[in-house]
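Let's take a walk through this structure, starting in a loop and working outwards to the cores and sheets. Keep the model open as you read.

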Amino acid sequence: MGFERQSLHRHTAGLALGILVALTAAACGSGHDVTSGVPTSTDGTRLPADRVVWQVDTGGGLVPHAFVANDVPEVTIYGDGRVFLPVPAETDGGSAGTVPTAVRLVQGKVPQTKLRDFLDDVSASGALDESVDYGDPQVTDLPSTNVRLHGAGQPAEVDVYALMADFDTGLTGSQQASRRKLRDLIEHSRTLTGATKEWVPDRVEAIDLAVPEGAPSGDAAEWPGPPFIDVFGTVKPGATIDGPRCAELSGDDGAKAYAAALDAGRPFVDDRGAELQVVVRALLPGEVACERS
């Protein structure tokens, strides 16, 4: 049907956080899963510049394959203060046969003192403690929110199902308060950076999805990169998401593919006239292509 129930934990493999700790996955609707134990950063130890110290990623539920492949975390902050935020899409619609446009991102910077204060506030809030009960809203096929923290101490992580306020009804007062606290921290993390500017990735991930049976072909955009066979022909079977072929593009090839995908929002056609669903996604610094779960 072109849709899949995606696991709650869709971690961005290859980022420094993923290297430092094995992150766990939670099934859709399972509540939350936590690894805790983060001390404060008041000792003044400088955080590793390339470490992901805070990341928020919401997704899962019943969603089209193409939109799973196109996912970019909603907030990513590195130890040196770099912040990456996706630009909200104008629409979130589309049938199983459509290809989403590439996600635009902006980059900002958080001063070290401000970043440390935020990380300490998160730790002190207890929001990522293993004892927190976020409840389990009795709804199906909704996304979960995965939050990861790695300040001065050990990494911490929590997955919360259906975190949107609309689904707090029916939960206990304590559960609702915990969910509000986490939402407030997430919203605060989005505002840590001041001015932002559009960020152009130097590497992108290109995923050739199988076109769902019966999907409308529509108008196709001309593929600007190297021939598809050169891009995808050497990818090992089973090394990609749900079967499609995947590759990393960089340099001029990556720039052209990303620019085209920002405007396309429809299948590409290669130099032999074949129409293919290709999702082009920006790779964050340190992220490894084609290794997402």
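A good place to start is Asp168, which sits in the loop between β8 (156–161) and α4 (173–190). Is Asp168 buried or exposed? With a relative accessibility of 6%, Asp168 counts as buried, since the cut-off is under 20%. Setting aside neighbours within four places in sequence, you'll find Asp168 in contact with Leu163, Gln176, Arg179 and Arg183.

Before going further, a word on how far to trust what you see. This is a predicted model, and the average pLDDT of the protein is 80, with 73% of the residues scoring at least 70. Residues 1–40 have a pLDDT below 50, and beyond near neighbours in sequence that stretch has 142 contacts in the model. Residues 92–96 are also below 50 in pLDDT, and this stretch has 6 contacts beyond near neighbours in sequence.

Now for the overall picture. The protein contains 6 helices and 14 strands. Of its 293 residues, 52% count as buried. If you take the contacts with a separation of 6 or more, 78% of them are between residues 24 or more positions apart.

Next, have a look at strand β2. Since 7 of the 8 residues of β2 are buried, this strand is largely enclosed by the rest of the structure. What does β2 pair with? One partner is strand β4 (residues 75–78), which runs antiparallel to β2 and is joined to it by 4 bridges. Within that pairing, Val52 has Tyr78 of β4 as its bridge partner. Another partner is strand β7 (residues 144–149), again antiparallel, this time with 6 bridges to β2. There, Thr58 stands opposite Thr145 in β7. As a reminder, strands of a sheet pair through backbone hydrogen bonds, either parallel or antiparallel.

The aromatic residues are worth a stop too. How many aromatic pairs are there? The count comes to 4. One of them is Trp54 with Phe118, an edge-to-face pair with 5.0 Å centre to centre and 85° between the planes. Trp54 lies in strand β2 (residues 52–59) and Phe118 in helix α3 (residues 112–125), so this pair ties together parts that are 64 residues apart in sequence. Both rings belong to buried residues: Trp54 has a relative accessible area of 0%, and Phe118 has one of 1%.

For Tyr78 and Phe84, the ring centres are 5.7 Å apart and the planes are at 85°, so this pair is edge-to-face as well. Tyr78 is buried, with a relative accessible area of 1%, and Phe84 also counts as buried, at 1% relative accessibility. Together with Trp199, Tyr78 and Phe84 form one aromatic cluster. Tyr78 has a charged companion too: Arg82 lies over the face of the Tyr78 ring, at 4.5 Å from the ring centre.

Let's move on to the nonpolar cores. Which residues touch the most other members of the largest core? Of its 29 residues, these are Leu105, Trp223, Tyr258, Phe268, Val278 and Val280. Five elements each supply at least two residues of this core, namely β10 (203–209), α5 (228–232), β12 (245–250), α6 (251–263) and β14 (275–282). The largest share, 5 residues, comes from α6. Zoom in on Trp223 and, not counting residues up to four places away in sequence, you'll see that it touches Phe228, Leu249, Ala257, Phe268, Val269, Asp270, Val278 and Val280. Apart from this core lies another, of 28 residues, with Trp54, Val83, Leu128 and Val160 among them. That Trp54 is the one paired with Phe118.

Finally, trace the open sheet of 5 strands, where the order is β11-β13-β14-β10-β12 and the pairing is mixed. Which are its edge strands? They are β11 (221–222) and β12, each of which pairs on one side only. Further in, strand β13 (residues 268–269) and β14 pair in the antiparallel sense over 2 bridges. Val269 has Glu275 as its bridge partner in β14. You have already met Val269, as one of the residues that Trp223 touches.

Methods. Residues numbered from 1 in each chain as written. Predicted model: local features only at pLDDT ≥ 70, side-chain atom pairs only at ≥ 80, totals over all residues. Heavy atoms only, no water. pLDDT = per-residue confidence, 0-100. Contact = heavy atoms within 4.5 Å. Phe/Tyr/Trp six-rings, centres within 6.5 Å; stacked < 30°, edge-to-face > 60°. Buried < 20%, exposed > 50% of the residue type's maximum accessible area, 1.4 Å probe, protein only. Lys NZ or Arg CZ within 6 Å of the ring centre and 35° of its normal. Pairing = 2+ DSSP bridges. Core = buried A, V, L, I, M, F, W, Y, C linked by side-chain atoms within 4.5 Å.
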